[in-house]
Amino acid sequence: MRIMVCRDKAAQGEAAASLFAAQILRKADSVLGFATGSTPLMTYAALAGLCERGAVDFSKARTFNLDEYVGMDPSHEQSYSRFMADNLFSKVNIPRENCQLPNGNAKDMDAECGRYEAAIEAAGGIDLQLLGIGHNGHIGFNEPSGHFARKTHCVTLTETTIEANKRFFASAGEMPRRALSMGIGTIMKARGIVLVIHGEDKADITAKAIRGPVTPSVPASILQFHPDVTVILDETAAAKL
Ligand code: GLP
């Protein structure tokens with residue numbers, strides 16, 4: 001793992017965006033894995049800025065997102081589909097047909113999970129995957145459990161995650177209880193991974209994920225076994241390393 005500590009969120013976003021820009025410069029039709037949450041916002045803003053100035057060209061890139069809520073209309077403002085459209089896809093020159101998320105409205109969830117996994121494989125696998133981390137160590141929506149999920153699957157969200165994410169919804173009852181998420185196996189197959197973590201409230205989980213034992217009760221800890229991970233921290237998240 002390469003660990004870098006930046007002064008603030010904006011610097012983290014620039015650092016992560018530079019790695020994605022470099023990936024596209026090396027290979028125009030790169031397959032990029034994207035994430036949602038508040039953490040990637042600075043990265044997306046920095047990528048949009050680079051694209052606007054002509055420093056990076058997304059026209060041949062393809063993207064797959066980590067996850068999506070089940071049963072939510074893609075146009076709902078809290079759907080991950082809408083999040084990506086608002087924060088990245090509408091701000092860079094990527095053709096929308098090149099951007100995929102799991103379909104949380106599919107009739108048959110198992111079939112949708114299989115389709116998504118196959119689509120990633122058919123694209124040649126993910127070249128570079130962006131990740132944030134939940135307070136309980138989840139990546140994508142791979143919640144702490146007794147095993148590492150291999151493939152894209154349907155997840156029942158934990159109370160911790162519902163508690164953390166309900167602030168985005170008008171009421172806690174509106175927050176979906178299930179999501180489709182790439183598996184830990186899907187994430188580990190990405191050729192490169194960029195994990196961005198900021199904030200004092202993530203200092204404990206950062207230390208557990210990066211220095212603690214590798215265990216499915218801290219899903220992000222598996223990244224210690226990946227050959228190419230760059231961890232981009234701010235000073236507060238790095239405080240307990
Ligand atoms: C959600 C997403 C994760 C993300 C996490 C942390 O649960 N599924 O991919 O890493 O939130 O979000 P934040 O960056 O807002 O702390």
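Student: Where is T215 placed?
Tutor: In this predicted model, T215 sits in the loop between α7 (203-211) and β10.

Student: What makes the link between the side chains of T215 and S217 a polar contact?
Tutor: The two side chains meet at 2.9 Å. The cut-off for a pair of N or O atoms is 3.5 Å, so 2.9 Å qualifies. Leaving out residues up to four places away in sequence, T215 touches F148 and S221.

Student: Why is K166 called partly exposed?
Tutor: The relative accessible area of K166 is 29%. Buried needs under 20% and exposed needs over 50%, so 29% falls in between. K166 lies in the loop between α5 (159-165) and β8 (178-181).

Student: Which residues does K166 contact, leaving aside its neighbours within four places in sequence?
Tutor: A172 and M175. The K166 side chain also makes a polar contact with the side chain of E163, at 2.9 Å. As for G183, 17 residues along the chain from K166, the two C-alpha atoms are 23 Å apart.

Student: Why does D57 count as partly exposed?
Tutor: D57 has 40% relative accessibility. That value lies between the 20% and 50% limits, so the label is partly exposed. D57 belongs to the loop between α2 and β3 (62-65).

Student: What separation do the C-alpha atoms of D57 and I24 have?
Tutor: 7.4 Å, with their positions 33 residues apart along the chain. D57 touches I24 and N93, not counting residues up to four places away in sequence.

Student: What makes the pairing of D57 and N93 a polar contact?
Tutor: Their side chains are joined at 2.7 Å. That is within the 3.5 Å limit, so the pair counts. The D57 side chain also reaches the backbone nitrogen of S59, at 2.9 Å.

Student: How do you know what span to expect of helix α1?
Tutor: Helix α1 (residues 9-26) has 18 residues. The expected span is 1.5 Å times one less than that number, which means 26 Å here. The helix reaches 26 Å from its first C-alpha to its last, close to the expected value.

Student: What caps the N-terminal end of α1?
Tutor: D8 does, through a side-chain oxygen 3.3 Å from the backbone nitrogen of A10.

Student: Which residues of α1 are buried?
Tutor: Q12, G13, A15, A16, A17, F20, A21, Q23 and I24. Each is called buried because its relative accessible area is under 20%. Their cover includes β1 (2-6), β2 (31-34), α2 (41-52), β6 (128-131), β9 (192-197) and β10 (229-234).

Student: How many residues has the largest nonpolar core?
Tutor: 40, with F34, L47 and F58 making the most contacts inside this core. The elements α1, β2, α2, α3 (80-87), β6 and β9 each supply at least two residues. α1 gives the most, six.

Student: What does F34 touch, not counting residues up to four places away in sequence?
Tutor: Its partners include F20, Y44, L47, F64, L66, M84, L88, F89 and L130. Apart from this core lies another, of 31 residues, among them L131, M182, I184 and I222.

Student: Which residues are closest to the ligand?
Tutor: S38, T39, D67, H138 and K202, out of 14 that surround the ligand. A polar side-chain atom of T39 lies 2.4 Å from a ligand oxygen. A polar backbone atom of I133 is 3.3 Å from an oxygen atom of the ligand. For G140, a backbone N or O atom lies 3.2 Å from a ligand nitrogen. The protein covers 94% of the 390 Å² of accessible area that the ligand has on its own.

Methods: Residues numbered from 1 in each chain as written. Predicted model: local features only at pLDDT ≥ 70, side-chain atom pairs only at ≥ 80, totals over all residues. Heavy atoms only, no water. Helix = DSSP H or I, 4+ residues; strand = E, 2+ residues; numbered from the N terminus. Buried < 20%, exposed > 50% of the residue type's maximum accessible area, 1.4 Å probe, protein only. Contact = heavy atoms within 4.5 Å. Polar contact = N/O pair within 3.5 Å; in protein donor to acceptor, adjacent residues only side chain to side chain. Near = heavy atom within 4 Å. Areas by Shrake-Rupley, 256 points an atom, 1.4 Å probe, with all protein chains shown as cover. Core = buried A, V, L, I, M, F, W, Y, C linked by side-chain atoms within 4.5 Å.
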